[in-house]
Amino acid sequence: MADAALDLLLLPTWLVPVEPAGVVLHEHGLGIRDGRIALIAPRAEALRQGATEIRELPGRLLTPGLVNAHGHAAMTLFRGLADDLPLMTWLEKHIWPAEAKWVDEQFVQDGTELAIAEQIKSGISCFADMYFFPEMACERVHASGMRAQISIPVLDFAIPGARDADEALRKGVTLFDDMKHHPRISVAFGPHAPYTVSDANLEKLRILAEEVDAGIHMHAHETAFEVQQSLEHHGERPLARLNRLGLLGPRFQAVHMTQIDDEDIALLVATNSSVIHCPESNLKLASGFCPVEKLWQAGVNVAIGTDGAASNNDLDLLGETRTAALLAKAVAGSASALDAHRALRMATLNGARALGLESEIGSLELGKAADIVAFDLRGLAQQPVYDPVSQLIYATSRHCVEHLWVAGKPLLDEGRLTRLDEERIIATTQQWGAKIAGRPAH
């Protein structure tokens, strides 16, 4: 008996599955059935399968949907608010006061929706979010059709939505229970940073994370000052302290890691922890350089994130990946460091692995969720195409993102959002901008 007809057959010029590594399939079809990848075959064979809908995509490159492994979605509403400042000045004098004044459930709802729309148009199918009122972020993700890991923010002091760490953890467990069967949303714990969460609260969090098998998503080794402060207060580097407290492991997501020595690398390798690299935010805040090639060669899983729009200032993971590839070469002193194919892997499968989603997304393999992006390589600036992956990383912008499917459902069609009202989102955002800046809305 023949297989049932496909729901959708995509026929691009190039298809890059990411796994196996380094492969480019030319003139192949990808078939989707029930939201999953059901076929990858040469074009003629794929056409014999039969499909409800066939999309011819000449001059397009299909890859897995991009995975933005770190960000603060609602901070899109603070985009450009306090630029050109060092991290602690930016946080303590500008961002934290603005958050105290403006952040409520509506802020998070509107800011997250803006971030989701921008990310869909940038080819991102899955993102990791770490911000206040995570319940609101879950609502927006659910409605949008995107995939996300939503982290419960935990700090030692009161934050919007939680009086203290205990309340944040309590709410986090409730949210985890509410979302544990959601097909596109996973919930993780998000202790802010080693310098804002005590040993006692980290231990409580570790116990809960182990009980529910949740990820732990945390800024770590972001600046030299943070490492020095940890040595003075705790007598050990932040990563060593987190390891002593039992937080490191396969579900630990260490964000930034710009200040790393050989002992730090050994700990990451021994515990199978992931590193999430945010090069543009680190460059803009002059926080330092993550030694990506050194980590990669040691066997550490390195993913990539944009960070929040308040410190980047965009949620453009393709641009971020190009920056990462170029920066890795300069830091390693080697032109062959982080080649284009590995850079794409960092933005897809490595991100999925960091978030514990590698069995579901991150590569175009039979049985995986059909989270797929189509890039248009027909433009002037993409010619001639010798290696479509090199062209994607080094010569293509997010404006070439044409289609995005999550679980087989189109969220972007020929550059247009299918579920979100772009004009309404812009108008709402402009109202927030006027309010925060203290000027009349136009």
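Q: In this predicted model, which residues form a nonpolar patch on the surface with about 250 Å² of accessible area together?
A: The patch is nonpolar and lies on the surface. Its members share about 250 Å² of accessible area. They are L283, F289 and V331.

Q: Where is V331 placed, and in which helix?
A: V331 is a member of the nonpolar surface patch. Its place is within residues 317–332. That run is helix α12.

Q: Is V331 buried, partly exposed or exposed?
A: The relative accessible area of V331 is 37%. Buried means under 20%, and exposed means over 50%. The value for V331 is in between, so V331 is partly exposed.

Q: What are the bounds of domain 1 and domain 2?
A: The domain assignment gives two pieces for domain 1, 6–64 and 370–407. For domain 2 it gives one range. The bounds are therefore 6–64 + 370–407 for domain 1 and 66–355 for domain 2.

Q: How many residues does the contact take from domain 1 and from domain 2?
A: The centres of domain 1 and domain 2, taken over C-alpha atoms, are separated by 29 Å. Both domains supply residues to the contact. The counts are 25 residues from domain 1 and 30 residues from domain 2.

Q: Which three residues supply 35% of the area that domain 1 buries against domain 2?
A: Domain 1 and domain 2 bury about 2100 Å² between them. Carbon and sulfur atoms hold 64% of that area. On the domain 1 side, no other three residues supply more than I393, Y394 and R398.

Q: How many salt bridges are counted between domain 1 and domain 2?
A: The structure as a whole holds 31 salt bridges. Some of them run between domain 1 and domain 2. The count there is four.

Q: Which side chain meets R398 in a salt bridge?
A: R398 is one of the three residues that supply 35% of the area domain 1 buries against domain 2. Its side chain also takes part in a salt bridge, at 3.0 Å from N to O. The partner is E118.

Q: How many residues apart in sequence are the parts that R398 and E118 tie together?
A: R398 lies in the loop between α15 (388–395) and β15 (401–406). E118 lies in helix α3 (residues 105–121). The pair therefore ties together parts that are 280 residues apart in sequence.

Q: Are R398 and E118 buried or exposed?
A: R398 has a relative accessible area of 19%. E118 has a relative accessibility of 12%. Buried means under 20%. So R398 is buried, and E118 counts as buried.

Q: What is the N to O distance in the salt bridge of D371 and R147?
A: The side chains of D371 and R147 meet. They form a salt bridge. The N to O distance is 2.7 Å.

Q: By about how much of the helix are E167 and K171 separated?
A: E167 forms a salt bridge with K171, with the closest N and O atoms 3.7 Å apart. E167 is buried at 11%, whereas K171 is partly exposed at 35%. Both lie in helix α5 (residues 165–179), four residues apart. They are therefore separated by about one helical turn.

Q: Which helix holds E210 and R206?
A: The side chains of E210 and R206 meet in a salt bridge of 3.4 Å, N to O. E210 counts as exposed, at 54% relative accessibility. The two are four residues apart, about one helical turn. Their helix is α6 (residues 199–212).

Q: Which residues are linked with R60 in a network of salt bridges?
A: The network is made of salt bridges. R60 is one of its members. The others are D376, R378 and E402.

Q: Which residues does R342 touch, not counting those up to four places away in sequence?
A: R342 is found in helix α13 (residues 340–346). It is buried, with a relative accessible area of 15%. R342 touches E293, W296, Q297, S336 and A337.

Q: What separates the C-alpha atoms of Q228 and P238?
A: Q228 is found in helix α7 (residues 224–234) and is partly exposed at 41%. S230 is also placed in helix α7, and P238 is among its contacts. Q228 and P238 are 10 residues apart along the chain. Their C-alpha atoms are separated by 9.2 Å.

Notes:
Residues are numbered from 1 along each chain as its sequence is written. This is a predicted model: local features need pLDDT of at least 70, side-chain atom pairs count only at pLDDT 80 or more; totals for chains, interfaces and linings use all residues. Side-chain values use heavy atoms; hydrogens and water are left out. Patches are made of residues with over 30% relative accessible area and no salt bridge: like charges are joined within 9 Å, nonpolar side chains (Val, Leu, Ile, Met, Phe, Trp, Tyr) within 5 Å. Accessible areas come from the Shrake-Rupley method with a 1.4 Å probe; for residues, only the protein chains shown count as cover. Buried means under 20% relative accessible area, exposed over 50%, partly exposed in between (1.4 Å probe, protein chains only). Contact means heavy atoms within 4.5 Å. Buried area is the accessible area (1.4 Å probe) that two parts lose on being put together, summed over both.
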